[in-house]
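Work through the exercises below with the sequence and the model open. Each task is followed by a solution in steps.

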Amino acid sequence: MADNDMAQPLAGIRVVEIGQNIAGPYASEILSSLGAEVIKIERPGTGDDARGWGPPFWRGTATTFQAMNHGKKSIALDLRNACHVQWLHGRVVEADVFIQNMRPGSLQALGLGPGELCALNPRLIYCSLWAFGHKGPMQMAPGYEPMVQAFAGIFSINGPETGPPARVGMQVLDLGTGMWAALGCMAALLRRASTGQGCVVDTSLFETALTWLQVMMAGFQATGKQPQRHRSGNPNVVVFQALSTKDGELVVAAANDRLFASSPVWRAVRNGRATRALPAIRCACSTRTICWRNCKQSSRRAVRRTGQTHWSKPAFPAPPFTTSGRSWISRRPRRSASSRTSPGWTCASSDCRCPSTARARQCATARPTSASTTRTWELRWRINHQQPS
């Protein structure tokens, strides 16, 4: 059966949303993407606050609103008007899910809390998205994403090592809380299929933040030390960060020994000399083009070792090669058959301080050196002799 002929998993499920901004609308948008019918309730006049969160705008409405609310039907209701509330009650009786992320206590004051609506429809799943949770001393406190990021401690682990703490740029708590809410609603629908009863689903931005911080919290509980910040990587894994090159930054993520086994600085890292290894890696990656060529050569050597008959190109593409000024990398000159086992090329940049080929050969006397491995021995010379980058 073709994909477009298959019924969506939530086809026939009806959702009523009284939400605004990002978290609540994103929860119902996920359900809508899975086939549910969503009716969004907005205030008369201005509607959802996110409609004005721009520029940019598209057809007079902010793109933030467009991203969080596609696939929904919308209607403006004055929830202080008895006739409008009566119409809403009629929709709730027919609905399967009710989602809200309004200011804590506001819907309860209007008679639209979980107790009242679940009494109208015992099969209803009532989902609330809070700032700080439905229990505890901060239950009634409102909050937006930046406030909760700061309160939970996400600021403390984000930003450059020498700079001030920083906010995570995207809405990790709003979107994460919306995902938890949608997941809770689907679990409640599955439970209702066997019990016939609805339930209440609660989640919050603060609980989402604590979930994202659980690795850091585990480390703090074990060591008692504040987790370190790193601008682009992870201080617990080497090499796992962005490295500067002459034509931009290059991200190297070697999360285990197997991935890094063919690196020219493998022995230094294995021996705990990561501080000495990083300058050598930066030298090897003086441009992204050089790094791509080195990765290609390493892959070919790995194929010869493992006996495979083919190799895959690295996942990241090589940047456009420019010969103007020949400032990135020089092509190796064609060599005679008698000289092909001798070191054949060095870095072409005028400001590079790589050791000479002769000096590199002095450290490679224990093993034969070929042109394809010259770079490896030059880097090993740099590490062993603590040559500055």
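Helices and strands here are DSSP runs, a helix (H or I) having at least four residues and a strand (E) at least two, numbered from the N terminus. The model is predicted. In the chain there are 15 helices and ten strands, and 40% of the 389 residues are buried.

**Exercise 1. The open sheet**

Task: Give the order of the six strands in the open sheet, and state which strands stand at the edges.

Solution.
- Step 1. Reading across the sheet, the order is β5-β2-β1-β6-β7-β8, with parallel pairing.
- Step 2. β5 (73-76) and β8 (199-204) each have a single partner strand, so one side of each lacks a neighbour in the sheet; these are the edge strands.
- Step 3. From one strand to the next, the twist averages 20°.
- Step 4. At one edge, β5 is joined by four bridges to β2 (residues 37-42), and the two run parallel. Within this pair, E42 has A76 of β5 as its bridge partner.
- Step 5. Helix α8 packs on the sheet, where it touches β7 (125-130) and β8, and its direction makes about 60° with that of β8.

**Exercise 2. Strand β7**

Task: Determine how β7 is paired on its two sides, and which residues lie on each of its faces.

Solution.
- Step 1. With β6 (residues 97-100), β7 pairs in the parallel sense over four bridges. The partner of V97 in β7 is I125.
- Step 2. With β8, the parallel pairing of β7 runs over six bridges. Here W130 stands opposite S204 of β8.
- Step 3. Apply the cut-off for burial, under 20% relative accessible area. Six of the six residues of β7 are buried.
- Step 4. Sort them by face: I125, C127 and L129 are on one side, Y126, S128 and W130 on the other, and both faces are covered.

**Exercise 3. The cavity**

Task: How many cavities of 30 Å³ or more does the whole structure hold, and which elements each supply at least two residues of the lining of the largest?

Solution.
- Step 1. The search returns one cavity of 30 Å³ or more.
- Step 2. The largest cavity has a volume of about 50 Å³.
- Step 3. Its lining consists of Q100, M102, R103, P104, G105, S106, L107, Q108, S128, L129 and W130.
- Step 4. Two elements that each give at least two residues to this lining are α4 (106-109) and β7.

**Exercise 4. The buried face of α6**

Task: Which residues of helix α6 (residues 145-152) are buried, and what covers them?

Solution.
- Step 1. The buried residues of α6 are E145, V148, Q149 and A152.
- Step 2. Viewed down the axis of α6, these residues fall within an arc of 105°, so they line one face of the helix.
- Step 3. The spacing fits a general rule: an α-helix has 3.6 residues a turn, so residues three or four places apart point the same way.
- Step 4. The cover over the buried residues of α6 includes α7 (172-195) and α8 (205-212).
- Step 5. After α6 comes G153, with a positive phi near 110°.

**Exercise 5. An arginine in α7**

Task: Is R192 buried or exposed, and which residues beyond its neighbours within four places in sequence is R192 in contact with?

Solution.
- Step 1. R192 lies in helix α7.
- Step 2. The relative accessible area of R192 is 8%, so R192 is buried.
- Step 3. With neighbours within four places in sequence set aside, R192 is in contact with D96, R123, Q197 and G198.

How values were computed
Residues are numbered from 1 along each chain as its sequence is written. This is a predicted model: local features need pLDDT of at least 70, side-chain atom pairs count only at pLDDT 80 or more; totals for chains, interfaces and linings use all residues. Side-chain values use heavy atoms; hydrogens and water are left out. Buried means under 20% relative accessible area, exposed over 50%, partly exposed in between (1.4 Å probe, protein chains only). The arc is that of the directions from the helix axis to the C-beta atoms. Contact means heavy atoms within 4.5 Å. Two strands pair if DSSP finds at least two bridges between them. Axes are lines fitted to C-alpha atoms, for helices over the stretch in contact, and angles run from 0 to 180 degrees between N-to-C directions. On a 1 Å grid over the protein atoms alone, a cavity is a set of points where a 1.4 Å probe fits but cannot get out, and a pocket is an open set with protein on both sides within 12 Å along at least five of seven lines; lining residues have an atom within 4 Å of a point. Grid points are joined across faces, edges and corners, and a volume is the space filled by probe spheres set on the points.
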